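Thanks for making the time this morning. Let me put the model up on the screen, and then I will walk through it a piece at a time.

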Amino acid sequence: MSRDDRYRQLAGAYGAMIARLARGYERDAEKARDLVQTIHVELWRSLSSFENQCSEKSWVHRIAHNVGVSHVIREARANAPDWAGIEELERVAGDDCPEAALNQAQRQARLLTLIHRLKPADRQIVLLTLEDLTATEIADVIGLNANAVAVRLHRAKALLAAMAGDIK
Amino acid sequence: MTNPKEDWMSITTLDAGGFDPAALARKAKSFDRVIRWRNFREYAASGFVIALFGYWATRASGTAESIALALVALGALVAAIQIMRLGTPTRPRAELSADAALHDWRGELERQAKLLEGVRLNYLAPFCPGFVLLALAPLIDGTSSLAVGVASAVLMIALLGSVLWFVDRLNLRAAAQLRATIEGLK
């Protein structure tokens, strides 16, 4: 299969994930659209060095996240970042208006606002959790061992649970 | 209770279809061109200063002036070497694991912050001997009266000192912003 055909196949399978992820890494809709394009460029470019060293899914996620994080860091250099860790946001998430009282668009907006405040390393974990990757898949994308991922994953799930109003 | 995963998955994605590979190839080429062009500009600016001051050094009327102009050209050469050695940007490889890429980014930002913090020593200091001697050259070569020579030397050194101080402050401020970004990545 040629690189272009391979790219088309991957873009078809993971295009929606890439577009969602771009929204998670960039709050401005126009810039998010540019970021989507940049991720696709890197995906197309990196296909020449893909030799099944990991699963196709992990590969695409790695590229998308790395481009996303690079983008966030470049933007942070221009505008002072207002990042917070998962624990801090977990407290904020529970304090807000009850999740059930909001409609889906409002919940999505609130979710994105929280995601945009996360530090890049925490943001990766939360986005991968939202994309429903397993702990093993997340470890593969992040490049950490399963134990280190389990700790981060636990914090990410607690944040999402706090958002859903699930904290007892 | 609502499920944030469901909310996340139902976010509208208008750009989900992917792109034409030919368009992506053009864009990839254009990215590479931007990086090459930026590096070229850095070296061309240094080359221009070296050529100009080197040429003036051969045409100078006095020995001190000639040495001063040659020292400025030499300062530009040292600064260009420092840019090449310390400032050439590295681009994290997209296919690295996410944690390694983040680590790479931190390393790159650390490098750039150190570079900005060291501007005084690496880029400004090499020019100082040449410019100071250039300010004193009319006095040493005896091409101006003592009063005029001293006055213009003081003025030139004060002006040079102010410019260097200002450039240094700007770079230190940029370095502080980078340090804040690096903190956020920990």
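What share of the contacts in chain A with a separation of 6 or more comes from residues 24 or more positions apart? In this predicted model, the share is 69%. Keep that in mind as we look at what chain A is built from, since there are 8 helices and 0 strands in it, so that reading from the N terminus you meet one α element after another, α-α-α-α-α-α-α-α. Chain A has 168 residues, and 49% of them count as buried.

Now to the domains. The assignment for chain A gives domain 1, covering 3–78, and domain 2, covering 86–163, and their centres, taken over C-alpha atoms, are separated by 19 Å. Where the two touch, domain 1 of chain A contributes 15 residues and domain 2 of chain A contributes 12 residues. On the domain 1 side, helix H1 (3–25) and helix H3 (56–78) of chain A each supply at least two residues, and the largest share, 8 residues, comes from H3(A). Sorted by character, the residues on that side of domain 1 of chain A comprise 6 nonpolar, 5 polar and 4 charged.

Let me finish with one residue in chain B. Gln177(B) sits in helix H7 of chain B, which spans residues 146–184, and Gln177(B) counts as partly exposed because it has 17 C-beta neighbours inside 10 Å, whereas a buried residue would need 20 or more. Its C-alpha atom is 8.7 Å from that of Ala113(B), although the two residues are 64 residues apart along the chain.

Methods: Residues numbered from 1 in each chain as written. Chains lettered and ligands numbered in written order. Predicted model: local features only at pLDDT ≥ 70, side-chain atom pairs only at ≥ 80, totals over all residues. Helix = DSSP H or I, 4+ residues; strand = E, 2+ residues; numbered from the N terminus. Buried ≥ 20, exposed ≤ 12 C-beta atoms within 10 Å, placed from the backbone. Contact = placed C-beta atoms within 7 Å. Domains from an automatic or database assignment. Nonpolar A, V, L, I, M, F, W, Y, C, P; charged D, E, K, R; others polar.
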